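Visitor: Hi, can you walk me through this structure? Please keep the answers short.

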Amino acid sequence: MKLGIFVNTGRHIDAVTGITQAAVKKGHSITIFAMDAGTRLFVNPAFTELCRLDGISISFCDHSAKEEGAVTQGLPAEIVCGSQYNNALMVHESDKVIVL
């Protein structure tokens, strides 16, 4: 199964990391898209290090990150600076999408 996780708040870091790690252990692939306040989670290594797990892809909305003042410099190369197009791809390609 391909799971999409849409992160638009900074309130659920434990849920994002826990769900992602559990899904990886079950052999699922996960796409995470961050926008709005969710882009502020990039200061948390628990969030950014998820990109290093097998089967995980992370992207974010550059416009939202700039609006939120999110720190995006120095992010791992695996995290894609994108746009709402990345969000649309996640939704299109995922079997299920969770919004946190």
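Visitor: Let's start with strand β3. Is it enclosed or open, and why?
Guide: Strand β3 covers residues 56-61, and five of its six residues are buried, so it is largely enclosed by the rest of the structure. Buried means under 20% relative accessible area, exposed means over 50%, and partly exposed lies in between (1.4 Å probe, protein chains only). Strands (E, at least two residues) and helices (H or I, at least four) are DSSP runs, numbered from the N terminus.

Visitor: Where does this model come from?
Guide: It is a predicted model: local features need pLDDT of at least 70, side-chain atom pairs count only at pLDDT 80 or more, and totals for chains, interfaces and linings use all residues. Residues are numbered from 1 along each chain as its sequence is written, and side-chain values use heavy atoms, with hydrogens and water left out.

Visitor: Back to β3. Which strands does it pair with?
Guide: Strand β2 (residues 29-34) pairs with β3 in the parallel sense, over five bridges. Strand β4 (residues 79-82) also pairs with β3 in the parallel sense, over four bridges. Two strands count as paired if DSSP finds at least two bridges between them.

Visitor: Which residues face each other there?
Guide: On the β2 side, F33 stands opposite S59 of β3. I32 has I58 of β3 as its bridge partner. On the β4 side, F60 stands opposite C81.

Visitor: How does the chain get from β3 to β4?
Guide: It goes through helix α3 (residues 62-68), and this β-α-β crossover is right-handed. Right-handed means this: with the strands pointing away from the viewer, the path from the first strand over the helix to the second runs clockwise.

Visitor: And β2, is it covered or open?
Guide: Mostly covered: five of the six residues in β2 are buried. Six bridges join β2 to strand β1 (residues 2-7), and the two run parallel. One bridge pair there is L3 with I30 of β2. The chain crosses from β1 through α1 to β2, and that β-α-β crossover is right-handed.

Visitor: Zoom out. How many helices and strands are there?
Guide: The protein chain has four helices and five strands. Along the sequence they follow the pattern β-α-β-α-β-α-β-α-β.

Visitor: What about the overall size?
Guide: The C-alpha trace spans about 35 × 25 × 25 Å along its principal axes. A compact globule of 100 residues would have a radius of gyration near 13 Å, and this chain has 12 Å, which agrees. That radius is taken over C-alpha atoms, and the globule rule is 2.2 Å times the number of residues to the power 0.38.

Visitor: How much of the chain is buried?
Guide: Buried residues make up 43% of the 100 residues.

Visitor: Show me one buried residue in a helix.
Guide: Try T20, in helix α1 (residues 13-25). T20 has 0% relative accessibility, so it counts as buried.

Visitor: What is T20 in contact with?
Guide: Leaving aside neighbours within four places in sequence, T20 is in contact with I5, I30, I32, L50, L53 and I56. Contact means heavy atoms within 4.5 Å.

Visitor: New topic. How many disulfides are there?
Guide: A search of the whole structure finds zero disulfides. C61 is in none, and the nearest cysteine sulfur, that of C81, is 8.5 Å away. A disulfide here is a pair of cysteine sulfur atoms within 2.5 Å.

Visitor: Are C61 and C81 buried or exposed?
Guide: C61 is buried, with a relative accessible area of 5%. C81 counts as partly exposed, at 47% relative accessibility.

Visitor: Anything odd in the loops?
Guide: Look at D36, in the loop between β2 and α2 (45-48). D36 has a positive phi of about 50° although it is not a glycine. It is partly exposed, with a relative accessible area of 30%.

Visitor: Who else sits in that loop?
Guide: R40 lies in the loop between β2 and α2. At 45% relative accessibility, R40 counts as partly exposed.

Visitor: What is R40 in contact with?
Guide: Setting aside neighbours within four places in sequence, R40 is in contact with E68 and A70. The C-alpha atoms of R40 and T72 are separated by 8.8 Å, though the two are 32 residues apart along the chain.
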